[in-house]
Amino acid sequence: MWLRKLIIYLIAIGLCGAGLGFFAGQASLGYRTGDAEAIFAGLFVGGLLGFAGIALIVLARRKPLQSVDPDAVVATSLAMVIGSESGTDGGD
């Protein structure tokens, strides 16, 4: 379990770092050449990479799902069906 989280954290940090690095490279190129499109491309792609990294961090930090008892699911479903049918008056 901890190994999976460690791998996800490393990938997430790599994506965030790649986003910052891509933005820095494109911003430097845009400032040197006076090309505003390079700066916007750096913002866009760097932002996407950073967002993916942050989304992976959130994914790694979430709690694992609890196991579900199949009998409880069946009982709850039946109770919902029976409860919804008991309110009808036979269609009159």
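Here a biologist and a modeller talk through a predicted model of a protein chain.

Biologist: Let's start easy. What elements does the protein chain have, and in what order do they run?

Modeller: The protein chain has three helices and zero strands. Read from the N terminus, that gives α-α-α.

Biologist: How do you know that the span of α2 agrees with what a helix should give?

Modeller: Helix α2 covers residues 36-61, which is 26 residues. At 1.5 Å a residue, those should span 38 Å, and the end C-alpha atoms are 37 Å apart, so the two values agree.

Biologist: And what about α1, how far does that one reach?

Modeller: α1 has 32 residues and reaches 46 Å from its first C-alpha to its last. The expected value is 46 Å, so the reach is close to it. Just after α1 comes Gly34, with a positive phi of about 75 degrees.

Biologist: What happens at the start of α2?

Modeller: There, a side-chain oxygen of Asp35 reaches to within 3.2 Å of the backbone nitrogen of Glu37.

Biologist: What makes that a polar contact?

Modeller: The cut-off for such a pair of N or O atoms is 3.5 Å, and this oxygen and nitrogen are within 3.2 Å, so the pair passes on distance.

Biologist: Now Phe44, which sits in helix α2. Why is Phe44 called exposed?

Modeller: Exposed means over 50% relative accessible area. Phe44 has 55%, so the label is exposed.

Biologist: Which residue is 25 residues from Phe44 in sequence, and how far apart are they in space?

Modeller: That's Gly19, and the C-alpha to C-alpha distance is 9.3 Å.

Biologist: Let's move along α2 to Ile57. Why is Ile57 called partly exposed?

Modeller: The label needs a value between the 20% and 50% cut-offs. Ile57 comes out at 27%, so partly exposed is the right name.

Biologist: What does Ile57 touch, leaving out residues up to four places away in sequence?

Modeller: Ile57 touches Tyr9 and Ala12. The C-alpha atoms of Ile57 and Ile13 are separated by 8.3 Å, though these two are 44 residues apart along the chain.

Biologist: Which residues of the two helices are buried, and what covers them?

Modeller: In α2 they are Ala38, Ile39, Gly42, Gly46, Gly50, Gly53 and Ala60, and their cover includes α1. In α1 they are Ile8, Ala12, Gly19, Gln26, Ala27 and Gly30, and α2 is among what covers those.

Biologist: How much of the protein chain is buried overall?

Modeller: Buried residues make up 14% of the 92 residues. As for the accessible surface, that comes to about 7200 Å², with 71% belonging to carbon and sulfur atoms.

Biologist: Which residues make the nonpolar surface patch?

Modeller: Trp2, Leu3, Leu6, Ile7, Leu10 and Ile11 make a patch of about 650 Å².

Biologist: What makes Leu3, in helix α1, fit for a patch?

Modeller: A patch residue needs over 30% relative accessible area, and Leu3 has 47%, so Leu3 clears that cut-off. Since 47% lies between 20% and 50%, Leu3 is called partly exposed.

Biologist: Last one: what share of the contacts with a separation of 6 or more comes from residues 24 or more positions apart?

Modeller: In the protein chain, that share is 64%.

Key
Residues numbered from 1 in each chain as written. Predicted model: local features only at pLDDT ≥ 70, side-chain atom pairs only at ≥ 80, totals over all residues. Heavy atoms only, no water. Helix = DSSP H or I, 4+ residues; strand = E, 2+ residues; numbered from the N terminus. Buried < 20%, exposed > 50% of the residue type's maximum accessible area, 1.4 Å probe, protein only. Contact = heavy atoms within 4.5 Å. Polar contact = N/O pair within 3.5 Å; in protein donor to acceptor, adjacent residues only side chain to side chain. Patch = residues over 30% accessible without salt bridge, like charges linked within 9 Å, V, L, I, M, F, W, Y side chains within 5 Å. Areas by Shrake-Rupley, 256 points an atom, 1.4 Å probe, with all protein chains shown as cover. Salt bridge = Lys/Arg side-chain N within 4 Å of Asp/Glu carboxyl O.
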